[in-house]
Amino acid sequence: SRPLLQTLAGVKYYLCKNKPNDFLKANYSPFYISGDVTALQNKYFLPLGFTYDRYISYSEFKKLDTLHKDMVLLKAFVAENGETDFRVFDIFDTENMNEKYSFKKYGEDVNELKHETMKVTEHGQNSIRGTIQVSKIKLLFFAIPYDKGWTITIDGKKTKLKLINIGFMGVIIPPGIHT
């Protein structure tokens, strides 16, 4: 029932029995029906690796209500308190969050996050490989739960994974083309 989080988590398809409700009609397009099951595709799908250039501290994020938390996650990543590496990014200002959040604005936010994304070139049980080009320093977010067992390399050099968005992982990417 939280479409903004489904977008953030990379939910691309949704199966439902009987007719889709208003929530599903607004966010998903039907593309296949078999009996009483309808297959729907998310209009606001985000790929596995997309980038942010702004952040909000966890302490500021906690002050928001549920809807505003979901909205912020489509505009900025949530940084763990005390993390100093994130100071290279702009701080997201929540002062302008009182406006009504329309489907038009939702689409604009998703399209902004789609500008610089990772192209997956290999995906297996134990590894994911991809390429990305970014115009400036960004944080590459993965909708994968953070675990100390994951490692990441950028252009062959081991890089530190960051705990962001309350339990997920990301990595800081310098400007340029990277593997």
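Modeller: Buried means under 20% relative accessible area, exposed means over 50%, and partly exposed lies in between (1.4 Å probe, protein chains only). This is a predicted model, so local features need pLDDT of at least 70 and side-chain atom pairs pLDDT 80 or more, while totals for chains, interfaces and linings use all residues. Residues are numbered from 1 along each chain as its sequence is written, and side-chain values use heavy atoms, without hydrogens and water.

Colleague: Why is D53 called partly exposed?

Modeller: Its relative accessible area is 22%, which falls between the two limits, so D53 is partly exposed. R54, at 29%, is also partly exposed.

Colleague: What makes D53 and R54 a salt bridge?

Modeller: Their side chains come to 3.9 Å, N to O. The rule asks for a side-chain nitrogen of Lys or Arg within 4 Å of a carboxyl oxygen of Asp or Glu, so the pair qualifies. Side chains of opposite charge can pair when their charged atoms come close. The count by this rule is 13 salt bridges.

Colleague: Which residues does K105 pair with?

Modeller: K105 pairs with E108 at 4.0 Å and with D109 at 3.4 Å. Both distances meet the rule, so both are salt bridges.

Colleague: How far apart are E108 and K105 in helix 5?

Modeller: Three residues, which means about one helical turn within residues 103–113. Helices here are DSSP runs (H or I, at least four residues), strands likewise (E, at least two), numbered from the N terminus. D109 and K105 are four residues apart in helix 5, about one turn.

Colleague: Is D109 buried or exposed?

Modeller: Buried: its relative accessible area is 6%, which is below the limit. E108 is partly exposed at 40%, and K105 is partly exposed at 24%. These three belong to a network of salt bridges that also includes K75 and K104.

Colleague: How do you know that T7 is buried?

Modeller: Its relative accessible area is 0%, so T7 meets the rule for buried. T7 sits in helix 1, residues 3–8. Beyond four places in sequence, T7 touches N42, Y44, L46, L74, Y106 and V110 (contact: heavy atoms within 4.5 Å).

Colleague: What makes the T7 and Y106 pair a polar contact?

Modeller: The side chains lie 2.6 Å apart. The definition needs N or O atoms within 3.5 Å, one able to donate a hydrogen and the other to accept it; residues adjacent in sequence count only if both atoms are side-chain atoms. The pair therefore qualifies. A polar atom of the T7 side chain is also 3.2 Å from the backbone oxygen of Y44.

Colleague: Why can Y13 belong to a surface patch?

Modeller: Patch residues need over 30% relative accessible area and no salt bridge; like charges are joined within 9 Å, nonpolar side chains (Val, Leu, Ile, Met, Phe, Trp, Tyr) within 5 Å. Y13 has 47%, so Y13 passes the area test. Y13, F31 and Y32 form a nonpolar patch with about 370 Å² of accessible area together (Shrake-Rupley, 1.4 Å probe; only the protein chains shown count as cover). Y13 is in strand 1, residues 13–17.

Colleague: How do you know that the chain agrees with a compact globule?

Modeller: The rule is 2.2 Å times the number of residues to the power 0.38, over C-alpha atoms. With 179 residues that gives near 16 Å, and the chain has 17 Å, so the two agree. Buried residues make up 38% of the chain. The chain has five helices and 15 strands.
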